[in-house]
Amino acid sequence: MSSGTSATLRNEDWYEGALGTMGLTIGTAAAGYAVMKMNGRGQIGYVTGGTQSKICVVSRLAVNTMPTALQDWKFHMGISSGSNTNGITVTGSIMWYCSSSSPFWKMYSASISGGIIMDMASTIPVTTDAIVLGTWFPNNAGDCVYFYSTDGGITYNIEHMFVRTANNYGGSPVIGATRVAGTTNTTTVDLDYIGISVRGATI
């Protein structure tokens with residue numbers, strides 16, 4: 001879904017090496033966004049005390065236009081308790097994200113009460129080159145492995161292991177871009193694919 005003048009999700013965009021990609025365009029509105037999400041009311045990820053399923057959310061993407069202080073936006077990919085609402089809700093979430101606040105991809109986690117548990121820069125610079133980003137939840141305790149690939153998924157690297165605290169999190173896959181500053185119509189991110197695995201079964 002999208003909101004704001006000229007904000008849209010496109011399925012005709014492309015970049016080198018991609019087949020049938022999608023594009024996120026945030027439009028000209030001050031709070032414009034473009035989001036794709038799973039609308040499962042059961043939230044396949046998190047419940048009180050841990051997780052319902054061992055899941056993995058992964059996407060190959062390319063930042064089309066770099067965010068700046070004057071024309072800023074945030075791109076998020078992971079899971080969020082706000083997956084049944086409009087836009088991206090960062091509370092109750094475990095995500096990768098990028099914005100003008102850092103030249104590196106960042107890893108984020110917040111409880112459903114809005115408390116920030118982790119907001120940490122990775123060692124991976126944000127560029128316009130394609131990258132594969134993923135969040136893997138290997139157990140039912142609420143832990144998360146942030147991983148990535150810079151060669152199209154041939155080899156993968158683990159960036160960080162997040163160990164769940166006593167807080168609770170959200171739990172449905174979401175990917176999208178939200179405007180922070182400026183009004184220039186921008187195609188922020190091109191997506192090659194979005195994959196979700198639940199206990200090893202691909203969706």
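1. Let me start with K106, which is buried in this predicted model. Its relative accessible area is 13%, and that falls in the buried class because the class covers values under 20%. D119 makes a nice contrast: its relative accessibility is 37%, so D119 counts as partly exposed.

2. These two residues belong together. The side chains of K106 and D119 meet in a salt bridge, with 3.5 Å from N to O. The pair links distant parts of the chain, since K106 sits in strand β10 (residues 104-110) and D119 in strand β11 (residues 116-125), 13 residues apart. How many salt bridges does the structure hold? The count is one. As general background, side chains of opposite charge can pair when their charged atoms come close.

3. Next, the sheet that carries both strands. Seven strands make up an open sheet, and their order is β1-β4-β15-β8-β9-β10-β11. The pairing is antiparallel. Which strands stand at the edges? They are β1 (2-3) and β11. Each has a single partner strand, so one side of each is left without a neighbour in the sheet.

4. Within that sheet, have a look at β8 and its partner β15. Strand β15 covers residues 172-179, runs antiparallel to β8 and is joined to β8 by eight bridges. If you would like one position to check by eye, G78 has V174 in β15 as its bridge partner.

5. Now to the core. The largest nonpolar core has 31 residues, and F75 and W105 touch the most other members. A second, separate core has five residues, among them Y33, I88, M95 and V174. V174 therefore appears in two places in this note, as a member of the second core and as the bridge partner of G78. In general terms, nonpolar side chains tend to be buried together in soluble globular proteins.

6. F75 deserves a point of its own. Buried or exposed? F75 is buried, with a relative accessible area of 0%. Leaving aside residues up to four places away in sequence, F75 touches L24, L61, W96, Y97, C98, W105, I175, G176, A177, V189 and L191.

7. The aromatic pairs come next; a search of the whole structure finds four. In one of them, F75 and W105 meet edge-to-face, with 6.0 Å centre to centre and 80 degrees between the planes. Because F75 lies in strand β8 and W105 in strand β10, the pair ties together parts that are 30 residues apart in sequence. W105, too, is buried, at a relative accessible area of 1%.

8. W96 and Y146 form another edge-to-face aromatic pair, at 5.5 Å centre to centre and 85 degrees between the planes. This pair also links distant parts of the chain: W96 is in strand β9 and Y146 in strand β13 (residues 144-149), 50 residues apart. Both W96 and Y146 are buried. Recall that W96 is also one of the residues that F75 touches.

9. Finally, a loop residue. Where is V90 found? V90 is in the loop between β8 (73-80) and β9 (93-98). Its relative accessible area is 30%, so V90 is partly exposed. Beyond residues up to four places away in sequence, V90 touches H76, Y108 and A110. V90 and S109 are 19 residues apart in sequence, while their C-alpha atoms are 8.0 Å apart in space.

Methods
Residues numbered from 1 in each chain as written. Predicted model: local features only at pLDDT ≥ 70, side-chain atom pairs only at ≥ 80, totals over all residues. Heavy atoms only, no water. Helix = DSSP H or I, 4+ residues; strand = E, 2+ residues; numbered from the N terminus. Buried < 20%, exposed > 50% of the residue type's maximum accessible area, 1.4 Å probe, protein only. Contact = heavy atoms within 4.5 Å. Salt bridge = Lys/Arg side-chain N within 4 Å of Asp/Glu carboxyl O. Core = buried A, V, L, I, M, F, W, Y, C linked by side-chain atoms within 4.5 Å. Pairing = 2+ DSSP bridges. Phe/Tyr/Trp six-rings, centres within 6.5 Å; stacked < 30°, edge-to-face > 60°.
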